[in-house]
Amino acid sequence: MSNIRGLFIGITSVDIVYNSNKPLPNDNEKVIINDFEMKIGGPAAKAAMSCAELGGDATLITCIGDSPFAQSIRAQIEAANVKVYDLGIGKVDNPNISCVYIREDEASRTIISGINHLEAGAFDPQVITDDYDYCLYDCNLINLTPEIVDALSGENIPLVLDCGNWKKNIEPALKYADTAISSACFKSPAEDDIFALGQSYNIENVAVTRDGDSILYKTVDDEGEIPVEKIDNCNSSGAGDVFHGAFCYFYYHEKRSYVEALTEASIHATNYVRG
């Protein structure tokens, strides 16, 4: 049993997923859908749960809050063998909630996210200790990013960045990161992609996931493309987060090479989407 400990930092949400063959309703129109589900979401939370599912030791620093709904969220995460350190106790009334509308007939999805960002000062850097062997951060605790990066740097904890899209204060995280994995839509205000940013910030390993297409990667001495199996399922909600958690497990807990970890994580995420 590996004694590697992973730290995951970022948001937790509840995803309400509706599966439909109908278009989104117009103004003042109601659409009744019986095919729906509620599940834990959020890049950091979903990644932590994915890592733990594979057998990794995962701790989540996040913001859930004190509401009765939040208690249920925390219980579900802890039931997935993830330890939770909640920065939202006494501070946030409502959890983050996302509505995902899946158009199965058009293989498309529409997402509306309600996100509560923590204010600076709610974070105690002493919760980040050298007990952790790596950290994945989704950069969604926007006001706290500089403090989080300083705490990680002070403990020499390797950082994996989940770069879904450009966010305020992301530059300190890019400067410190060992690994950065982004979506294809991730660009800086100057239109630099993660490969250009990786070179500018001396990030050792970078990769781009492309929503079901092949994964592009680059290291200090190699670059290439990893094929991704095509499957007939448009509901890929959460697959990227599952991918990131699986990558951390294979790379840090199983000590696979960077390319092997990306490959195994892709297979795991594909199986997740397949259901």
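Which residue forms a salt bridge with Arg256? The partner is Glu254, and the closest N and O atoms of the two are 2.9 Å apart. Keep in mind that what you're looking at is a predicted model. The chain has 275 residues, and its secondary structure comes to 7 helices and 13 strands. Here's a quick tour, topic by topic.

**Overall build**

- Start with the outline: along the principal axes, the C-alpha atoms take up a box of roughly 55 × 45 × 45 Å.
- A compact globule with 275 residues would have a radius of gyration near 19 Å, and the chain comes in at 18 Å, so the two agree.
- As for what's tucked away, 49% of the 275 residues count as buried.
- The accessible surface is about 13,100 Å², and carbon and sulfur atoms account for 46% of that.
- Take the contacts between residues at least 6 apart in sequence: 64% of them join residues at least 24 apart.

**The nonpolar cores**

- The largest nonpolar core has 40 residues, and the members touching the most others are Phe8, Leu60, Ile77, Val82, Phe247 and Leu262.
- Both helices and strands feed into this core with two or more residues each: on the helix side there are H1 (43-53), H2 (68-79), H6 (239-253) and H7 (258-274), while the strands are E2 (13-20), E4 (57-62), E8 (134-137) and E12 (213-218).
- Val82 is a handy residue to click on: setting aside neighbours within four places in sequence, its contacts are Ala48, Met49, Ala52, Ala58, Thr59, Leu60 and Ile77.
- There's also a second, separate core, this one with 33 residues, including Phe123, Tyr132, Val149 and Leu174.

**Strand E6 and its partners**

- Strand E6 covers residues 96-103, and 6 of its 8 residues are buried, so the rest of the structure largely encloses this strand.
- One partner of E6 is E2, and the two run parallel with 8 bridges between them. Within that pairing, Tyr18 is bridged to Tyr101 of E6.
- Another partner is strand E7 (residues 108-114), which runs antiparallel to E6 and is joined to it by 7 bridges.
- Two bridges to look up between E6 and E7 are Ile102 with Arg109 and Arg103 with Ser108.
- E6 and E7 make a hairpin with 4 residues between them, and Ala107 in the turn has a positive phi of about 50°.
- If you follow a strand like this by eye, remember that side chains in a regular strand alternate between the two faces of the sheet.

**Salt bridges**

- The count of salt bridges is 10.
- Back to the opening pair: Arg256 is partly exposed, at 28% relative accessible area, and Glu254 is partly exposed too, at 33%.
- Some salt bridges share partners, and in this way Arg5, Asp57, Lys83 and Asp131 are joined into one network.
- Glu225 and Arg210 meet through their side chains in a salt bridge, at 3.7 Å from N to O. This pair links distant parts of the chain, with Glu225 in strand E13 (residues 223-226) and Arg210 in strand E11 (residues 205-210), 15 residues apart.
- Is Glu225 buried or exposed? Glu225 has a relative accessible area of 53%, and the cut-off for exposed is over 50%, so Glu225 counts as exposed.
- Its partner Arg210 sits at 29% relative accessibility, which makes Arg210 partly exposed.
- Asp213 pairs up with Lys230 in another salt bridge, where the closest N and O atoms are 2.5 Å apart. Asp213 is in strand E12 and Lys230 is in the loop between E13 and H6, so this bridge ties together parts 17 residues apart in sequence.
- Here, Asp213 is partly exposed at 36% relative accessibility, whereas Lys230 is exposed with a relative accessible area of 59%.

Notes: Residues are numbered from 1 along each chain as its sequence is written. This is a predicted model: local features need pLDDT of at least 70, side-chain atom pairs count only at pLDDT 80 or more; totals for chains, interfaces and linings use all residues. Side-chain values use heavy atoms; hydrogens and water are left out. A nonpolar core is a set of buried Ala, Val, Leu, Ile, Met, Phe, Trp, Tyr and Cys residues joined through side-chain atoms within 4.5 Å. Buried means under 20% relative accessible area, exposed over 50%, partly exposed in between (1.4 Å probe, protein chains only). Contact means heavy atoms within 4.5 Å. A salt bridge is a side-chain nitrogen of Lys or Arg within 4 Å of a carboxyl oxygen of Asp or Glu. Two strands pair if DSSP finds at least two bridges between them. The radius of gyration is taken over C-alpha atoms; the globule rule is 2.2 Å times the number of residues to the power 0.38. Accessible areas come from the Shrake-Rupley method with a 1.4 Å probe; for residues, only the protein chains shown count as cover.
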